[in-house]
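Q: I have a structure in front of me and do not know how to read it. Can we go through some features one at a time?

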Amino acid sequence: MTTTTVTPAAPAAVRQGTQIRLEHVTKDYGLAVPAVDDISLTIEPGEFMTLLGPSGSGKTTTLNLIAGFETLTSGTIELNGRDVGKLPPHKRDLGMLFQNYALFPHMTVAQNVAYPLRERRLPKDVIRQKVADVLELVQLTGRDDNHPSQLSGGQQQRVALARAIVFDPKALLLDEPLGALDRNLRGALQAEIRRIHREVGSTFVFVTHDQEEAMNLSDRIALFNTGRIEQIGTPEQLYRAPETLFTARFLGDSNVFELDGGATGSSVGWDGATWAVDADTVAAHPGVLTRAAVVVRPEDVEIVRTASKLPSGVNSVPAIVTDVEYMGSYRTAMLALGPSGVKGRARIDAFDSALTRGDDVVAWWRPQRQRVVAA
Ligand code: ADP
Ligand code: MG
């Protein structure tokens, strides 16, 4: 797991695009829990916002409510301050891109892309120019007269993307658009989507269940859990400062120490160990967490052979090395932590060949690098 530096969003003054504002949005299909359960979320003009979460957590329903394909049970949705809750989809003027490209097979690339412009009855020469411009944007210049069947899956998806943005929609909504593509192609198209977002500068709302994809693409991520938003923030905020165990587990690997009770004050106890909690963490939780866990990322865990080698002021726990995995540029020591042998991991140097399975070690980290989260 690597953290990625996101390109900061443009300053508000030069941003284009549309603000999308959801206030107390609920969609109830009459199941045990609402599909979308009282969500409030403001997506800023020009922002790349990703709705991330496991299957069934309400991402698609939320996107369909924004698009107008589903009706609200309650709550409001505004585009640039205008309530659109009762507008049909075509009057919301939003671009949509899905996993299955849904191109018209009997039309050429140019005809597919021109379709939304012909529906809007734009003059022929304007259509020709816009189609040429957008095909250049998605790097399909010269493929105008091809039919979809003559294109690869990735190229077809780029045609669908061109068709979704050619009419300058208020925002682009993308529902797992890369889900059907293989890994390499996905990576390439992620980079394309990022570039296109930068170039067109409009608001993108992107749905995925893939945390790496979300980390790569987004200005901010809204993490969904059973119809609710668990946490909203930049990829770094969610990775570095998860507020809950769900967030910590969903984004990247963690060492997780579930505490018997809550956490309050400047230390916590776990299985015979006492760990310092840094002042910022104490300040972040002014109240008492009744159920809490300590989480530490593998790259923040260091290993020493004996407790006498520990630096001062760090938190530590005895561990047994259960395996060493080779990850290319680094290795991961798999650990059994503490008396109860909780599974954990530490990132270690690729050239530190000394550690082997069965070694008794001490794992340590700095208090500022751990998070105390709601469990
Ligand atoms: P996600 O996109 O995160 O996988 P969805 O928004 O598709 O999740 O679904 C959220 C929940 O709503 C799921 O429990 C799903 O079964 C339910 N759901 C979605 N669409 C409908 C529908 N048309 N009728 C009944 N239940 C639905
Ligand atoms: Mg979905």
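**Reading sheets, a helix and a ligand site**

A: Start with a helix and the strands it touches. This is a predicted model, and in it helix α1, residues 59–67, lies across β1 (20–27), β2 and β4. The helix runs at about 120 degrees to β1.

Q: In what order do the strands of the 4-strand open sheet come?

A: The order is read across the sheet, from one strand to its neighbour. Here the order is β2-β1-β4-β5, and the pairing is antiparallel.

Q: Which strands are the edge strands of that sheet?

A: Look for strands that pair on one side only. In this sheet they are β2, residues 36–43, and β5, residues 82–83.

Q: Over how many bridges do β4 and β5 pair?

A: Strand β4 covers residues 74–79, and its antiparallel pairing with β5 has 2 bridges. To follow the pairing by residue, find Leu-79: Arg-82 in β5 stands opposite.

Q: How do I read the site of ligand 1? Which residues are around it?

A: Begin with the list of surrounding residues, then turn to individual atoms. Around ligand 1 are Tyr-29, Leu-31, Ala-35 and the run Pro-54, Ser-55, Gly-56, Ser-57, Gly-58, Lys-59, Thr-60 and Thr-61. By class, this shell has 4 nonpolar residues, 6 polar and 1 charged.

Q: Which polar atoms lie by the oxygen atoms of ligand 1, backbone or side-chain?

A: Both kinds appear. Gly-58 has a polar backbone atom 3.0 Å from an oxygen atom of the ligand. Lys-59 places a polar side-chain atom 2.8 Å from a ligand oxygen, and for a polar side-chain atom of Thr-60 the distance to a ligand oxygen is also 2.8 Å. On its own, ligand 1 has 560 Å² of accessible area, of which the protein covers 59%.

Q: What is the order of the open sheet of 3 strands?

A: Read across it as before: β11-β14-β20, with antiparallel pairing. At the edges stand β11 (255–258) and β20 (370–374); each has a single partner strand, so one side of each has no neighbour in the sheet. From one strand to the next, the twist averages 25 degrees.

Q: How many bridges join β11 and β14, and which residue is the bridge partner of Asn-255?

A: Count the bridges, then pick out one pair. β11 and β14, the latter spanning residues 292–296, pair over 4 bridges in the antiparallel sense. One of the bridge pairs is Asn-255 with Val-296 in β14.

Methods. Residues numbered from 1 in each chain as written. Chains lettered and ligands numbered in written order. Predicted model: local features only at pLDDT ≥ 70, side-chain atom pairs only at ≥ 80, totals over all residues. Heavy atoms only, no water. Pairing = 2+ DSSP bridges. Contact = heavy atoms within 4.5 Å. Axes fitted to C-alpha atoms, helices over the stretch in contact; angles between N-to-C directions. Near = heavy atom within 4 Å. Polar contact = N/O pair within 3.5 Å; in protein donor to acceptor, adjacent residues only side chain to side chain. Areas by Shrake-Rupley, 256 points an atom, 1.4 Å probe, with all protein chains shown as cover. Nonpolar A, V, L, I, M, F, W, Y, C, P; charged D, E, K, R; others polar.
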